[in-house]
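Let's take a walk through this protein, one spot at a time. Have the sequence and the 3D view open so you can click along.

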Amino acid sequence: MTEQQPWGGQAGRGAGPCVVGPEEPCDLDELRTLFLFEKLDDDQLVWLCEHGAVQQVGPGMLLTEGDPALCLFVLIDGEVATYRRVGDDDVEVNRTDLRGVYSGAWSAYLGDRVPQTYQQSLRVLRPSRFYVLSADDFRDLMTSWFPMAVHLLEGLFFGQKSTERAIGQRERLLALGSLSAGLTHELNNPAAAASRATATLRERVAGMRHKLSFIAAGPYDRTSIATLIQLQEEAVQHLHDAAAEGTAPSPLEASDREDELVDWFDGHGLRAGWDLAPAFVQAGIDGPWLDKVAALVAPDALDGAVRWIGYTLETEQLMGEIEDATTRISTLVAAAKQYSQIGRAPEGRADLHELLDSTLVMLEHALGPGIDVVRHYDRALPPVPVYAAELNQVWTNIVDNAAQAMGGRDGSGTLTVTTRRAPDAPDDAVEVEIGDTGPGIPADVLPRIFEPFFTTKPVGSGTGLGLDIAWRIVVTKHHGDLRVTSEPGSTRFVVRLPLTDPNPDSA
């Protein structure tokens, strides 16, 4: 067989579904110039010409993502572009005129162990020529000519899949463990505060019972007692008004006011006035108000009357602390319930803001006191069909990375969460932007952050799957999009979600 002789005639088993244009003679020398075939011998090249064909293809779509993978296409000359489906759109991911690039049924040698469908769409941009081979022939070629390579490729492919599944589960378990530890810590604080307040409240109620018996036996007529009770209610109202207005004094101001009240107590012969002063200051009560109490009772009964009002204020404050603590516990439990909607299908629509807030509550322990959380929510956004638990994992991975970029619990910065209509498709999609003021992602790292197992963290500190999982949840499961831009002081992840149901048959 001479290398100069072209192989004419019709294609053999490469015909049928793989005929996409007029055929040309198959030239062995031309095939050898393609990097994919440059190491093949003459017999192998002859086999390629017997089983495949060189075909001319005009501009237009050649392969469609998701269709059965029946043919392998190798570009001889021309230009093509590859596309991936994102929602209802085909997004161009590559454009090339490099001779020898291939697409189509390139994984046919894996057989039925993987779905044999086209993984991307291929569009011919100008008249081009391809070498075309059926998937069955390509599988036979690989298993017969390169059995060792096939075993290695199988091991790489399925090994990576297995490793990805195992580490993905571990990634979820690590995140769950971290969240559980943080939730336990967050629950312990209000629970301990409620316990302390309850113990103190018990003491104050006992003191009030004692003072009540003292007042009942003291030199008070009915009118004085009624007036004293009225002052008691007025003091409680002062406390509630101060709490509602949020006009709590600064520590320095509070200290000065306490000193003034202690002087008043000392001047009227009250014992341990320093113990009474904080409750009155917190309620916004000063000396002139206490003068009204002094005018109603005898000097020897003033101590009991003031302490009665002081105990009333303290019990109100303690009940407020208990209410705040139990509300905090309820909020955390509700956030955990919202966060852990595992496997929930999008037959119902979810409020993105509820999902975001539940994640931020669960991650408060990771953000630390030095990181400010700023919310710019478009409350007019409609509910979105989502897999709630999986989407919460997306927020978790992005927010946790942002927190680490800003130094974690010991760091500082601003985390900004924004929701809005998609600017270029306001009726079809919404966007969630999560930005941080960390040092940014280096330019050489940015293109790789969504790669499986790629991480810049120290060994043992990260699996490199967090953002890969986030990308697959957003793009594959929700048919949305996930993008990132970064520069020093500003890193922004933008998640786009369609307003149409990503899985209309799920209901």
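Leaving aside neighbours within four places in sequence, which residues is Ser 128 in contact with? Click on Ser 128 and you'll find Gln 55, Gln 56, Val 57, Leu 75, Asp 77, Gly 78 and Glu 79. Keep in mind as you look around that this is a predicted model. Ser 128 itself sits in strand E9, which runs over residues 121–134. With a relative accessibility of 2%, Ser 128 counts as buried, because the cut-off for that label is under 20%. One of those contact partners deserves a second look: the side chain of Ser 128 reaches the backbone nitrogen of Glu 79, at 3.2 Å.

Now zoom out for a moment. The protein chain has 507 residues, and 43% of them count as buried. You can trace 13 helices and 16 strands along the chain. If you take the contacts between residues at least 6 apart in sequence, 76% of them join residues at least 24 apart. As for the outside, the accessible surface comes to about 25,900 Å², and carbon and sulfur atoms account for 54% of that.

Next stop, the cysteines. A quick reminder: a disulfide is a covalent bond between the sulfur atoms of two cysteines. The count here comes to two disulfides. Number the bonded cysteines along the chain and the pairing pattern reads 1-4, 2-3.

Start with Cys 18 and Cys 71, which form a disulfide with their sulfur atoms 2.0 Å apart. Cys 18 is in the loop between strand E1 (6–7) and strand E2 (23–24), while Cys 71 belongs to strand E6 (residues 71–86), so this pair ties together parts that are 53 residues apart in sequence. Which hand does the bond have? The torsion about the S-S bond of Cys 18 and Cys 71 is about -105 degrees, so the disulfide is left-handed. Both Cys 18 and Cys 71 are buried.

The other disulfide joins Cys 26 to Cys 49, with an S to S distance of 2.0 Å. Cys 26 lies in strand E3 (residues 26–27) and Cys 49 in helix H2, so here the tied parts are 23 residues apart in sequence. The torsion about the S-S bond of Cys 26 and Cys 49 is about -65 degrees, so this disulfide is left-handed. Cys 26 is buried, at a relative accessible area of 3%, and Cys 49 is buried with a value of 3%.

Since Cys 49 brings us to helix H2, let's stay there. How much of H2 is buried? Seven of its ten residues (the helix spans 42–51) are, so H2 is largely enclosed by the rest of the structure. The buried ones are Gln 44, Leu 45, Val 46, Trp 47, Leu 48, Cys 49 and His 51. Look at the start of H2 as well: there a side-chain oxygen of Asp 41 comes to within 3.2 Å of the backbone nitrogen of Asp 43.

For a change of scene, turn to the surface. Phe 35, Leu 36, Leu 98, Tyr 102 and Trp 106 form a nonpolar patch there, with about 470 Å² of accessible area together. Tyr 102, one of the patch members, lies in strand E8 (residues 102–104). Is Tyr 102 buried or exposed? Neither label fits: with a relative accessible area of 44%, Tyr 102 is partly exposed.

Further along the chain, find Leu 261 in helix H6 (residues 251–267). Leu 261 is at 3% relative accessibility and counts as buried. Leaving aside neighbours within four places in sequence, Leu 261 is in contact with Ala 277, Phe 280, Val 281, Ile 285, Asp 286, Gly 287 and Leu 290. Pro 278 is 17 residues away from Leu 261 along the chain, and the C-alpha atoms of the two are separated by 9.1 Å.

Last stop: Asn 392, in helix H12 (residues 388–405). Asn 392 is buried, with a relative accessible area of 0%. What does its side chain pair up with? Select Thr 359 too, and you'll see a polar contact of 3.4 Å joining the side chains of Asn 392 and Thr 359.

Key
Residues numbered from 1 in each chain as written. Predicted model: local features only at pLDDT ≥ 70, side-chain atom pairs only at ≥ 80, totals over all residues. Heavy atoms only, no water. Buried < 20%, exposed > 50% of the residue type's maximum accessible area, 1.4 Å probe, protein only. Helix = DSSP H or I, 4+ residues; strand = E, 2+ residues; numbered from the N terminus. Polar contact = N/O pair within 3.5 Å; in protein donor to acceptor, adjacent residues only side chain to side chain. Patch = residues over 30% accessible without salt bridge, like charges linked within 9 Å, V, L, I, M, F, W, Y side chains within 5 Å. Areas by Shrake-Rupley, 256 points an atom, 1.4 Å probe, with all protein chains shown as cover. Salt bridge = Lys/Arg side-chain N within 4 Å of Asp/Glu carboxyl O. Contact = heavy atoms within 4.5 Å. Disulfide = S-S within 2.5 Å.
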